[in-house]
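Reader: Hi! Could you walk me through this structure? I'm new to this.

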Amino acid sequence: MTSFLRNGPRSTRARTIRTAALLAALVTVATCGCGIRTTTVPVDAGPAPTRVSCAVPPATVPPETPGATVVKVYLVCSALAAQVTRTVTTSDISGTRPAPASRLVAAHELLGQLQRRPSAGEAEAGFATEVPGNLGITGPRPGDSKDSLRLNLSLDELPSFALAQLVCTFTAAPGVGLADRSVLLGGPDAADPVKRYLCTSALRTRPDAADTAGTVVK
C-alpha cells in the first residue's frame, strides 16, 4: 500500500507532462498545415493599402463667364492616363478648324493646364501630372506641316506618361487636334522629326508605349 501511494502522484505527473507535450505537437502540426509561419516577434505589416477613386466631379461652365469652356485634360492616376474636365477661358480651344495661330494659343492653354498642380479634389482622387514645368511649345518649323507643334524638349526626354497626357489632351480638343483625332508633335530641331500621334489605349496604359508611338510625317 505504501508503494502505491508513493508511485501514484509521480505516475500522474508523468502522464500530465506527456499529455501537454502531445497537445503542443498537435498545435504545431495544425499551424503548419494552415500555412501560418510561427514567429516569436510581433509582425508589423504596415498600414492597409489605400485605394484611389480616379473620379472627380465634372467641371461646369460658370454662368455669364465670357469665353469659358469645359475641356478634357489627361492626368495620371493609378498607373493610367485618365481624363478630368476643367474650365478654361481661351475661346480658341472650342474652334473646329482653327488657324495655326489659334491652334498654338489653344495648345499653350492646355499645356498650362497639364503643368498645373492638380486641384485638391483631383489630388484626393489620386491624380497627378508628369508633364515637366519647363516644357514649352511653338509652332511649325520651316518645312513642317502647318498643323505641326514643336516642343522645346525631345520627345525621348519626356517622363513616363507625359507624352500620353499631351497627345490625349491635344487630340481631345477640337482647337488643337486634327479632324482624324490625331496631333502632330515634334522636338526642338530636325533631329526630332514631327510625328502623328493618336490617343491609343496602349499609350494611356503602358509607360513604354511612348517608345514606339507615333509615325513620322513626310
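**Helix and sheet**

Author: Happy to! Helix H4 (residues 162–172) is largely enclosed by the rest of the structure, because eleven of its eleven residues are buried. Buried means under 20% relative accessible area, exposed means over 50%, and partly exposed is in between (1.4 Å probe, protein chains only). Helices (H or I, at least four residues) and strands (E, at least two) are DSSP runs, numbered from the N terminus.

Reader: Where does this model come from, and how do you number things?

Author: This is a predicted model: local features need pLDDT of at least 70, side-chain atom pairs count only at pLDDT 80 or more, and totals for chains, interfaces and linings use all residues. Residues are numbered from 1 along each chain as its sequence is written, and side-chain values use heavy atoms, leaving out hydrogens and water.

Reader: Cool. Which residues of H4 are buried?

Author: Among them are Leu163, Leu166, Val167 and Phe170, and also Gln165 and Cys168.

Reader: And what is the strand order in the open sheet?

Author: The order of its three strands is E2-E1-E3, with antiparallel pairing. Two strands pair if DSSP finds at least two bridges between them. Strand E2 (80–88) and strand E3 (127–128) are the edge strands, each pairing on one side only. E1 (residues 69–77) is joined to E2 by nine bridges, and valine 73 stands opposite valine 84 in E2.

Reader: Which strands does H4 touch?

Author: H4 packs on the sheet and touches E1, E2 and E3, its direction making about 160 degrees with that of E1. Contact means heavy atoms within 4.5 Å. Axes are lines fitted to C-alpha atoms, for helices over the stretch in contact, and angles run from 0 to 180 degrees between N-to-C directions.

Reader: New topic! How many salt bridges are there?

Author: A search of the whole structure gives six salt bridges. In each, a side-chain nitrogen of Lys or Arg is within 4 Å of a carboxyl oxygen of Asp or Glu. One of them joins arginine 150 and aspartate 144 at 2.9 Å, N to O.

Reader: Is arginine 150 buried or exposed?

Author: Arginine 150 is buried, with a relative accessible area of 5%, while aspartate 144 is partly exposed at 21%.

Reader: What about aspartate 180, what does it pair with?

Author: Aspartate 180 forms a salt bridge with arginine 196, with the closest N and O atoms 3.4 Å apart. That pair links distant parts of the chain, 16 residues apart: aspartate 180 is in the loop between H4 and strand E6 (182–186), and arginine 196 is in strand E7 (residues 195–198).
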